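Open the model in your viewer and keep a selection prompt ready. The stops below each give something to select and say what is found there.

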Amino acid sequence: MDRQTLGALLMAGALGAGPCLAADTAPDSPGAYIGVFGGTGTAIASSLRQRGAVLLPGPLPPLPIDAQGSTGSGERVSLGGIQAGYEWGRRSIGSTRWGLNPATEIEAFHLGEHTPVGEMPVTPRALGTQYVTFPMTADVLLANAVFTIHTPFSDTILPYVGAGAGLARLSVKGSDSANPSEPGINHFNSDPDASDTAFAMQFKVGLKAKASRRVRLFAEYRHLSIEATRYTFGSTDYPGLHLPTRTWDVGLGRQNYNLFVAGLQYRF
């Protein structure tokens with residue numbers, strides 16, 4: 001094979017491989033991705049209300065009980081989850097070097113056990129204050145819209161914003177309703193477990209870094225909000241120690257969390 005023929009073959013091969021290589025390494029090409037993430041955060045104070053009735057003996061009518069107050073703030077919570085999404089190619093903003101990559105994603109995550117404590121004055125006031133301990137977890141499923149922002153400053157570190165909505169399943173296990181005037185009594189003792197499902201939404205803002213052609217690392221802040229929920233706990237059942245009661249209805253106001261998350265995405 002002479003040198004001219006060899007040169008022609010090499011040039012043809014380079015021209016044929018060029019488009020494939022460009023498509024394979026294009027940093028902003030559309031595609032699907034999956035991810036894993038974890039983090040920590042704090043819960044914000046929420047309203048809490050406990051209602052029920054004490055069953056008085058004989059012909060006396062039940063004594064209605066209504067305790068209202070709030071939980072404390074700053075309760076620590078951990079989370080971990082997975083996500084799957086699709087990101088479209090870069091959309092330029094006018095004739096500038098700025099651009100956007102829109103994406104949609106589904107993510108599911110678990111909020112680990114945290115224990116808000118509600119302090120609630122009781123009506124009638126002569127019965128003092130009720131303290132409700134609420135060991136709870138939450139499983140959250142959200143659909144998000146995410147926008148990655150391209151700036152003139154870096155092609156490797158990219159800011160992004162996102163918002164999402166979905167459902168949260170909150171589970172309470174081993175709750176306790178105590179009153180200092182009745183030591184040793186858990187007013188939910190016959191059934192201290194309950195759960196409810198509510199609408200959830202979140203906003204997030206963060207930074208992602210291109211670790212390789214397919215791998216992205218990210219760190220973000222999220223604000224998660226879960227609508228008010230209601231729980232039914234068992235009646236107070238201490239024969240000979242406490243008058244019987246009806247089941248207890250407990251309403252927990254909107255739950256809000258400040259969360260700090262880090263994770264990894266893999267692009268296909």
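**Starting at the C-terminal end of the tour: F268**

Select F268: its relative accessibility is 56%, so F268 counts as exposed. This is a predicted model. F268 lies in the segment that follows β16.

Now extend the selection to I34, V36, I82, L217, L264 and Y266. Together with F268, these residues form a nonpolar patch on the surface, and their accessible area adds up to about 640 Å². Two elements, β1 (31-43) and β16 (255-267), give two or more residues each to the nonpolar patch.

**The whole chain**

Clear the selection and show the chain as a cartoon. What should be visible is 1 helix and 16 strands. The chain has 268 residues, and 39% of them are buried. Its accessible surface comes to about 13,500 Å², with 64% of that belonging to carbon and sulfur atoms. Of the contacts between residues at least 6 apart in sequence, 73% join residues at least 24 apart.

**E107, in strand β6**

Select E107, which is in strand β6 (residues 99-114). Is E107 buried or exposed? With a relative accessibility of 1%, E107 falls under the 20% cut-off, so E107 counts as buried.

Show side chains here. Which side chains make polar contacts with the side chain of E107? One is that of Q83, at 3.1 Å. Another is that of N144, also listed at 3.1 Å. To see the surroundings, add the residues in contact with E107 beyond its neighbours within four places in sequence: F37, I82, Q83, V140, L141, L142, N144, Q202, K204 and R222. I82 in this list is also one of the residues of the nonpolar patch.

**A143 and H150, in strand β9**

Next select A143, which is found in strand β9. A143 has a relative accessible area of 41%; this value lies between the 20% and 50% cut-offs, so A143 is partly exposed. Draw a distance from the C-alpha atom of A143 to that of A108: the separation is 9.0 Å, for two residues 35 apart along the chain. Leaving out neighbours within four places in sequence, the contacts of A143 are E105, I106, A163, G164 and A165.

Stay on the strand and move to H150. Strand β9 covers residues 136-150, and H150 is in it. The relative accessible area of H150 is 3%, so H150 is buried. Its side chain makes a polar contact with the side chain of N101, at 2.3 Å.

**The β7, β8 and β11 strands**

Select residues 117-123 and 129-133, which are strands β7 and β8. How do β7 and β8 run, parallel or antiparallel? The two strands run antiparallel and are joined by 5 bridges. To check one bridge, pick V117: its partner in β8 is T133. β7 and β8 form a hairpin, with 5 residues between the strands. In the turn, select G128, which has a positive phi of about 85°.

Finally, add strand β11 (residues 176-178). β8 and β11 also run antiparallel, with 3 bridges between them. Pick V132 and S177 to see a bridge pair, S177 being the partner in β11.

Note on methods:
Residues are numbered from 1 along each chain as its sequence is written. This is a predicted model: local features need pLDDT of at least 70, side-chain atom pairs count only at pLDDT 80 or more; totals for chains, interfaces and linings use all residues. Side-chain values use heavy atoms; hydrogens and water are left out. Helices (H or I, at least four residues) and strands (E, at least two) are DSSP runs, numbered from the N terminus. Buried means under 20% relative accessible area, exposed over 50%, partly exposed in between (1.4 Å probe, protein chains only). A polar contact is a pair of N or O atoms within 3.5 Å; within protein, one must be able to donate a hydrogen and the other to accept it, and residues adjacent in sequence count only if both atoms are side-chain atoms. Contact means heavy atoms within 4.5 Å. Accessible areas come from the Shrake-Rupley method with a 1.4 Å probe; for residues, only the protein chains shown count as cover. Two strands pair if DSSP finds at least two bridges between them. Patches are made of residues with over 30% relative accessible area and no salt bridge: like charges are joined within 9 Å, nonpolar side chains (Val, Leu, Ile, Met, Phe, Trp, Tyr) within 5 Å. A salt bridge is a side-chain nitrogen of Lys or Arg within 4 Å of a carboxyl oxygen of Asp or Glu.
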